[in-house]
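Trainee: I should like to learn how to read charged pairs and sheets in a protein model. May we work through an example together?

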Amino acid sequence: MPALTTHLLELTQLGSEITGVLDLPEKYWPKPGQYLACQRLGDLECIAIPLFRAFGDLGQPCLASIPETWHPGDRLAFFPPMGCGFELPKSARRVGLIPFEVSPARILSLVEPSLDQGAEIVLFCDPGLPADVLSRLPSRVEVLPLSSLAEDSTWPDYVAVDLERSNLVSLTERVDLFNLPGSVEVLLRTPMPCLGIGACGVCAVHTRRGFRFACTDGPVFPLKGLRHVA
Amino acid sequence: MWLDEDLAFYKRDLELSKPFVNADGVLGFAPDTRRVPTLAKLGAFITHPISIRPRQPAANRAYLPFNGGFLLHTGLPNPGVNQAIRRFRRSWGAADLPIIVNVLVESPAALAEMVRKLEGLENILGIELGLPPVCDPATLSAIMAAGAGELPLIPCLGAEQVPLLIDTLKDLQPSMVHLVEPRGTLPVQDGEFVSGRLYGPAIFPIMLKAAQDLVAAGLSVIANGGIAYRWQVDALMETGVTAVGLGSVLWGTDPESIFSP
């Protein structure tokens with residue numbers, strides 16, 4: 001699988017994350033939850049990193065998290081989109097998004113496809129969003145505290161979650177995600193140093209079908225497929 | 001007689017057609033040219049470490065970056081030797097390059113059992129011995145004796161193990177020695193520490209020195225080195241190593257530059 005090349009067009013600070021726009025043909029845009037394995041050309045001392053589809057201006061391939069050392073104009077090598085992303089059901093009309101103790105940049109990449117199919121969207125997050133993120137959200141996206149989902153868990157017919165692998169237990173202690181009426185998918189943040197090339201095992205996730213690798217089998221998993229996450 | 005029957009197999013020559021291999025743990029259990037086109041540049045494929053019984057990922061598995069490299073702790077998950085043979089023997093046999101199976105040595109008896117299971121498989125060039133982190137000369141001798149069979153043995157030792165084991169290796173004269181990444185420890189959170197192998201260019205000077213010592217002892221050496229640049233390959237080759245082991249550079253987008261003089 002030979003690498004392709006592109007360059008970084010622009011950078012934006014979105015909450016705590018730096019997002020960037022790459023000069024990419026549309027066929028290489030990762031779906032929400034998928035990632036591009038990306039490396040700055042000549043940066044041989046650093047391994048390639050995963051860049052996820054992030055929230056940005058409509059119709060632009062915005063990716064996160066861009067390293068602080070990268071600048072507009074940098075040339076990048078990348079592999080085509082990798083991993084399993086979110087599968088937003090076509091029937092979903094009430095979409096809940098939960099960035100749990102992480103930046104909302106990645107989960108908000110579901111805003112555009114959700115709006116495209118006429119869904120209502122609620123972002124459940126504690127604490128509230130940074131002002132720069134809030135100001136860029138389309139008006140049809142409502143922002144509520146996580147406790148409101150716990151109080152009315154029947155509202156969403158689809159929920160997407162973004163969290164650190166180690167935080168799944170603490171989220172499910174606050175909201176009974178396993179018993180929501182709709183489907184729930186989880187983007188598990190975990191280091192993926194080999195990006196599927198080496199099956200190194202660092203990103204192993206314990207599922208009901210045994211251990212799976214986030215880099216190749218995920219990083220988005222159906223919540224009901226997860227046994228527990230150690 | 002073309003074969004000296006008095007010479008233990010682990011002492012017999014082992015030849016690589018090209019002066020590169022992958023480091024164990026870097027490219028999986030079996031070669032896959034669709035994922036890794038650079039396989040054609042390797043003289044042999046080294047498998048992930050395989051143990052006598054299945055191993056699950058470590059609960060505290062971690063990737064911890066530091067300046068110039070990173071520490072990797074995985075627990076060396078693998079399906080165990082029986083299932084590994086069932087799952088990968090066809091891929092190993094059909095591969096375009098010879099296979100070196102890396103085995104985790106937990107005891108001499110377990111090693112002997114694993115060697116017997118691996119002998120007779122197609123296209124296996126040798127067996128690498130992943131030594132325990134604490135391995136004294138007597139243990140190394142016992143391991144080499146237990147592993148003696150029809151396949152050449154390649155003990156793997158971290159740079160930190162060289163001073164303690166080099167005299168024993170001189171006596172044993174294995175077919176080859178594989179110098180692998182040293183182990184290290186980093187703090188995580190709540191006062192806890194994680195230990196694992198260190199990767200990346202920061203380890204190169206240590207690896208070069210250890211490779212020089214092993215070559216000076218008259219041993220055939222495969223040397224990993226945290227290789228990121230071609231000049232590092234050239235420096236290792238100039239010390240007289242037989243082959244260079246490539247680690248995380250194979251996870252990058254442009255490993256080809258390593259192979260071009």
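Trainee: Why does A:R174 count as partly exposed?

Mentor: The class depends on relative accessible area: under 20% is buried and over 50% is exposed. In this predicted model, A:R174 has a relative accessibility of 43%, so A:R174 counts as partly exposed.

Trainee: With which residue does A:R174 form a salt bridge?

Mentor: The general idea is that side chains of opposite charge can pair when their charged atoms come close. Here the partner of A:R174 is A:D126, and the closest N and O atoms lie 2.7 Å apart. This pair links distant parts of the chain, 48 residues apart: A:R174 belongs to helix 4 (residues 168–174) of chain A, while A:D126 lies in the loop between strand 8 (120–124) and helix 2 (131–136). A:D126 is also partly exposed, at 32%.

Trainee: Which parts of chain A does the salt bridge between A:E87 and A:K31 link?

Mentor: The closest N and O atoms of A:E87 and A:K31 are 3.1 Å apart. A:E87 sits in the loop between strand 6 (75–78) and strand 7 (94–99), and A:K31 in the loop between strand 2 (17–22) and strand 3 (35–40), with 56 residues separating the two. A:K31 is partly exposed, with 34% relative accessibility.

Trainee: How far apart along helix 4 of chain B are B:D167 and B:K170?

Mentor: They are three residues apart in helix 4 (residues 162–172) of chain B, and therefore separated by about one helical turn. They form a salt bridge whose closest N and O atoms are 3.7 Å apart. B:D167 is partly exposed at 49%, and B:K170 is partly exposed at 38%.

Trainee: How many salt bridges does a search of the whole structure find?

Mentor: The search finds 16 over all chains. Salt bridges may also join in a network, as they do for A:E17, A:R106, A:D162 and A:R189.

Trainee: Let us turn to sheets. What is the order of the strands in the open sheet of chain B?

Mentor: One reads a sheet by following which strand pairs with which. This open sheet has four strands in the order 3-4-10-9, with antiparallel pairing. Strand 3 (62–66) and strand 9 (183–187) stand at the edges; each has a single partner strand, so one side of each lacks a neighbour in the sheet. On average, neighbouring strands are turned by 40 degrees against each other, direction ignored.

Trainee: Over how many bridges do strand 9 and strand 10 of chain B pair?

Mentor: Strand 9 pairs with strand 10 (residues 193–199) over five bridges, in the antiparallel sense. For example, B:G184 has B:G196 in strand 10 as its bridge partner.

Conventions. Residues are numbered from 1 along each chain as its sequence is written. Chains are lettered from A and ligands numbered from 1 in the order in which they are written. This is a predicted model: local features need pLDDT of at least 70, side-chain atom pairs count only at pLDDT 80 or more; totals for chains, interfaces and linings use all residues. Side-chain values use heavy atoms; hydrogens and water are left out. A salt bridge is a side-chain nitrogen of Lys or Arg within 4 Å of a carboxyl oxygen of Asp or Glu. Buried means under 20% relative accessible area, exposed over 50%, partly exposed in between (1.4 Å probe, protein chains only). Two strands pair if DSSP finds at least two bridges between them. Axes are lines fitted to C-alpha atoms, for helices over the stretch in contact, and angles run from 0 to 180 degrees between N-to-C directions.
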